[in-house]
Amino acid sequence: MMYHAYKKLGPTTLVSAERIMMTIGGDLTKSAQQYDLMDEVVKNLTGFGVRKQDPASAMRFKMGGYAGEIARARNAWTLDIVNASNIQKDIEAVAAGNKPITIATEFENLQSNNYRVMSNIYKDVKNLRILNFTEKEIKDIIKARRAVSKQDLNALMLGLFNSEGYANTLKNKKGGLNAAINNLNRTLGTFYTYKDLVDTEALKDIKNKYNNIPLGLSDADREKYLKSPSDFKYDLKDKAYDKIDIIKQDQETIDEERSEEYYKKKEEFELQQELKKEELKNKSSQAPASMTLPKLDNTMMAGMTAGTAANIDPTTNLTTTETALLSPLEQAYYTNKRRV
């Protein structure tokens, strides 16, 4: 657990006092963290506080931001490839005997944007490893927001980039792209199709050159790896697997210690729960003396049952015999009974 200093602005006396009471009562924050009494007192007096930071929660929050960046990159790709002006330029290029370039250019931009996001995520993965998070824990944190695919995640843990596949990337875009092409055909009097304006060989080359390059490279270093042959990248992948194996071996001891601590705490918790259940069971089987009425002998019962409306005191709702013989608790019982 890490700590972060911050400044609380604005009038806070009433709010902080309420939070102090929540701290004393053992209440939790929205992120399931316990309020810290010392922090709340200091914050109330000075306006400054020290908040505990949970790296796992912080990473889950960041993954939401990364998911947004990936979505924005794909939205930009979609908008650019159906842009009428871009398609018209490709039609003119094809008519002149040249290859279309819009979709290939935008596909490379998509790969570059995805690479940048994945590099940022990998930087956080390395930091979590430094904090002794296991590989499974890190994967679970990343998978929780569903920001990346299974293939992306596997490559990410190796520190490599899994390039976007052009077939799947275009699969759901053909409808919009075909509609844009048909609109231009009607305007220009042409009959071009999707296949005329998509250079699949160029897309395949872009995918292959981005695939399995190391994450976190500068622009200059990235260019060097983009020009590297496939065999060189396969060697990089083998070395990445070896590195992961070493990391997992180092984490085995940590995993065992955490597992032992987890089951020990679980056993203690279950024992405490059993003790509480037994205690509650014993309490419920022993009714307090103040809640039980004493047995009344025949004389008392006869005297009380003989009472009629004529000899009941309208103020107390009791007969003379009941007033003389019954305890205050018993008197209250019969008074309330007659009022019903």
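## Helix 10 and the residue after it

In this predicted model, helix 10 is followed by N212, a residue whose phi is positive, near 70 degrees. Within helix 10 itself, the buried residues are A202, L203, I206 and Y210. Viewed down the axis of helix 10, these buried residues fall within an arc of 100 degrees, so they line one face of the helix. The spacing fits a general rule: an α-helix has 3.6 residues a turn, so residues three or four places apart point the same way.

## Helix 5 against helix 10

The axes of helix 5 and helix 10 come within 9 Å and cross at roughly 15 degrees. Because angles under 35 degrees count as roughly parallel, helix 5 is described as roughly parallel to helix 10. The crossing of this pair, helix 5 and helix 10, is right-handed.

On the side of helix 5, the contact is made by I103, A104, F107, E108, Q111 and S112, while helix 10 contributes A202, L203, I206, K207, K209 and Y210. Sorted by character, the residues of the contact of helix 5 with helix 10 comprise 7 nonpolar, 2 polar and 3 charged. A202, L203, I206 and Y210, listed above as buried in helix 10, are among the residues that helix 10 brings to this contact.

## Helix 11 and its neighbours

Helix 11 (residues 219-226) has R222, Y225 and L226 as its buried residues. They cover an arc of only 100 degrees around the axis, which puts them on the same side of helix 11. On the other side of helix 11, A220 and K224 are exposed.

What do the buried residues of helix 11 pack against? Their partners are helix 5 (102-130), helix 10 (200-210) and helix 12 (230-285), and the list thus includes both members of the helix pair described in the preceding section.

## Helix 6 against helix 7

Helix 6 (residues 135-144) and helix 7 (residues 150-158) have axes that come within 11 Å and cross at roughly 140 degrees. That angle makes helix 6 oblique to helix 7, since the class of roughly antiparallel is kept for angles over 145 degrees. The crossing of helix 6 and helix 7 is right-handed.

The contact involves E135, I138, K139, I142 and K143 of helix 6, which meet L153, N154, L156 and M157 of helix 7. By character, the residues of the contact of helix 6 with helix 7 divide into 5 nonpolar, 1 polar and 3 charged.

Terms used: Residues are numbered from 1 along each chain as its sequence is written. This is a predicted model: local features need pLDDT of at least 70, side-chain atom pairs count only at pLDDT 80 or more; totals for chains, interfaces and linings use all residues. Side-chain values use heavy atoms; hydrogens and water are left out. Axes are lines fitted to C-alpha atoms, for helices over the stretch in contact, and angles run from 0 to 180 degrees between N-to-C directions. Helices (H or I, at least four residues) and strands (E, at least two) are DSSP runs, numbered from the N terminus. Angles under 35 degrees count as roughly parallel, over 145 as roughly antiparallel, 65 to 115 as roughly perpendicular and the rest as oblique. A crossing is left-handed if the near helix is turned anticlockwise from the far one by less than a right angle, and right-handed if clockwise. Contact means heavy atoms within 4.5 Å. Ala, Val, Leu, Ile, Met, Phe, Trp, Tyr, Cys and Pro count as nonpolar, Asp, Glu, Lys and Arg as charged, and the others, Gly among them, as polar. Buried means under 20% relative accessible area, exposed over 50%, partly exposed in between (1.4 Å probe, protein chains only). The arc is that of the directions from the helix axis to the C-beta atoms.
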